Each structure stands twice: as C-alpha cells, then as structure tokens.
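Visitor: I'm new here, and I'd like to know where the labels people use come from. Could you walk me through a few of them?

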Amino acid sequence: MDTAEVILSVLVVVIIIVSLLSNVLVLICFLYNPEIRTQVPGLFNLNLTFCNLLLTVANMPLTLVGLLSRAQPGGDSFCQIAGFLETFLSTNSMLSMAALSIDRWIAVVFPLRYHSKMRHKDAALVLGYTWAHSMSFSTVAACLSWVGYHRLYASCTLSNPRDSSRTQFVVFTVFFHSFTFLLSFIVLCFTYLKVLKVARFHCKRIDVITMQTLVLLVDIHPSVRQRCLEEQKRRRQRATRKISTFIGTFMLCFAPYVITR
C-alpha cells in the first residue's frame, strides 16, 4: 500500500468510529428521553440514525476491506446485496433530512397549526414515501445489474460495467440523483429560507423593543448598552449560522457521493 492508501484507510476507520459513537449516542438519547419519543421529529431522527448506523456497519467496513485488499469483498451476489443496501440507505438518509426540514418549516411558519398538520400518522406517511422512493430506485438498479464492485470507489455501489446499456444507466443515474439529492437540496433551501425569514422578523421585533427600552433607560451604563447591542447582532447571526450549518452538512455528506457516481 502506498502512503495515500494508508491515509485513506485510516480516514475510513476514523469515520467509522465517529459515526458509530455519534449515532449510538442519538439512539441512547431517544431511548432515555420520553419527551423526544413523543415528538414527531423524533421519528425522522430515528429513521436517519438507523440508516446511518446500517451504512456504517454494513457498507463502510466493506470499503475498508476493498482498500486494504484491492479486491472485491465476497462474491458477486454478496456485493450486489451490499450495493443495494448502500443505494437504499443513502437515498433514505437524504430524504429523511428533507423530511426534517419540512417538519421544522411547519413548526416555525405555522406554529398554531403544527399539531394538526404534522401528527405521528402524517410523519409515518412521509417515512413511508421515503422508504418507497428509496426501495424503487434501489430495486431497479439491482434488477438491471447496475450495482456491483467498483475499483475506483473500492466498494459495492452503483456501477455499470457493460457498454451496451451505458445510455440507459446514464438516464437512470440522472433521474435518480435529480429526484433524490437535488430534490432534497431544493426542499432544504426552500424550507430553511422560510424559517430564516421568520427568525429575522422576530429578531427585528425584539430589536425594536430593546432599543425602545434603552432609550427610556437614560441612566443605563454605557457598557450595558453596548452588551445589549452586541447581543442583537449575535441574535441576528445565530439563525443564519445554524441554517447554513445544516444545509452545509447535507452538502458535505452527500455531494461527494453524488458527484462521483
């Protein structure tokens, strides 16, 4: 193994460890916090966590074996099953993050109607769609033998070794990533921009009240006035930073997968 392969293998091991610890921690919080279990977003978080855990346990070790051995881990049938799971779980994770953003949009933009618009049965219907969507694309790819071991990725994933069906495979991948990654990204941007708009509106209202209070308090110390103004600035930046972090995390996690495929 050369230096690049060693570094890449160590990186995969680190990612496996971090993914296991973080997702197990989420499961522990879900199991030991009754309030989280009763909330609708808990279902989306639970589905996302299980998808991430299964990817970590079922797919990433095979990628590590492929890097170390420079060969396909297991037989063709085993690799097709692994590729099917990789496609299904990756798709489900993207759609779960989109479902979480829709839930937050309804909660912030329509707070008085949230409990009537997003009930547990509504969340179950959304999760049912994510499973059906993920299963349909994964099944089509598996039935057409478009999942298998790819040396460039050192893993069992979407691939088409046959030249005869290359056009069909290109059409499939374009539709697959357009209706999965691109659709999820558009949903995230739309919903969180609406959330940001509401957050900025409330920040402006708070700022007006704060400024009126500062004007009335003539004897207030300048340092206290300065701290209030600084808190206004931090409040305006906080919502933007949180939303940018969530969308940026989605892009960081899934864009490399989509671009390489």
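Visitor: What makes you say that α3 meets α7?

Guide: In this predicted model, Leu43, Phe44 and Asn47 of α3 touch His120, Ala123, Val126, Leu127, Thr130 and Trp131 of α7. Contact here means heavy atoms within 4.5 Å. Sorted by type, the residues of this contact come to 6 nonpolar, 3 polar and no charged.

Visitor: How are the two helices α3 and α7 placed, and why is α3 called roughly parallel to α7?

Guide: Helix α3 covers residues 41–58 and helix α7 covers residues 120–143; their axes are 9 Å apart and make an angle of about 25°. Angles under 35 degrees count as roughly parallel, so α3 gets that label against α7. As for handedness, α3 passes α7 in a right-handed crossing.

Visitor: How do you know that the span of α7 agrees with its number of residues?

Guide: Count 1.5 Å a residue, and the 24 residues of α7 should span 34 Å. The end C-alpha atoms of α7 are 34 Å apart, so the two values agree.

Visitor: Which residues in α7 are buried?

Guide: Among them are Asp122, Ala123, Leu127, Thr130 and Phe137. Ala123, Leu127 and Thr130 also belong to the contact with α3.

Visitor: What is special about phi just after α7?

Guide: Ser145 sits there, in the loop between α7 and β1 (147–150). Its phi is positive, about 60°, although Ser145 is not a glycine. Most residues other than glycine have a negative phi.

Visitor: Why is Ser145 called partly exposed?

Guide: Ser145 has 34% relative accessibility. Buried means under 20% and exposed over 50%, so Ser145 falls in between and counts as partly exposed.

Visitor: What about Arg70: where is it found, and what is its phi?

Guide: Arg70 is in the loop between α4 and α5 (76–109), and its phi is near 55°, again a positive value in a residue other than glycine. The relative accessible area of Arg70 is 48%, so this residue is partly exposed too.

Visitor: Then what makes Thr63 buried?

Guide: Thr63 has 15% relative accessibility, and with the limit at under 20%, that makes Thr63 buried. Thr63 belongs to helix α4 (residues 60–69). Neighbours within four places in sequence aside, Thr63 is in contact with Tyr153, Ala154 and Ser155.

Visitor: And how much of the chain counts as buried?

Guide: Of its 261 residues, 40% do. The chain as a whole has 9 helices and 2 strands.

Key: Residues numbered from 1 in each chain as written. Predicted model: local features only at pLDDT ≥ 70, side-chain atom pairs only at ≥ 80, totals over all residues. Heavy atoms only, no water. Helix = DSSP H or I, 4+ residues; strand = E, 2+ residues; numbered from the N terminus. Buried < 20%, exposed > 50% of the residue type's maximum accessible area, 1.4 Å probe, protein only. Axes fitted to C-alpha atoms, helices over the stretch in contact; angles between N-to-C directions. Parallel < 35°, antiparallel > 145°, perpendicular 65-115°, else oblique. Left-handed = near helix turned anticlockwise from the far one by under 90°. Nonpolar A, V, L, I, M, F, W, Y, C, P; charged D, E, K, R; others polar. Expected span 1.5 Å × (residues − 1).
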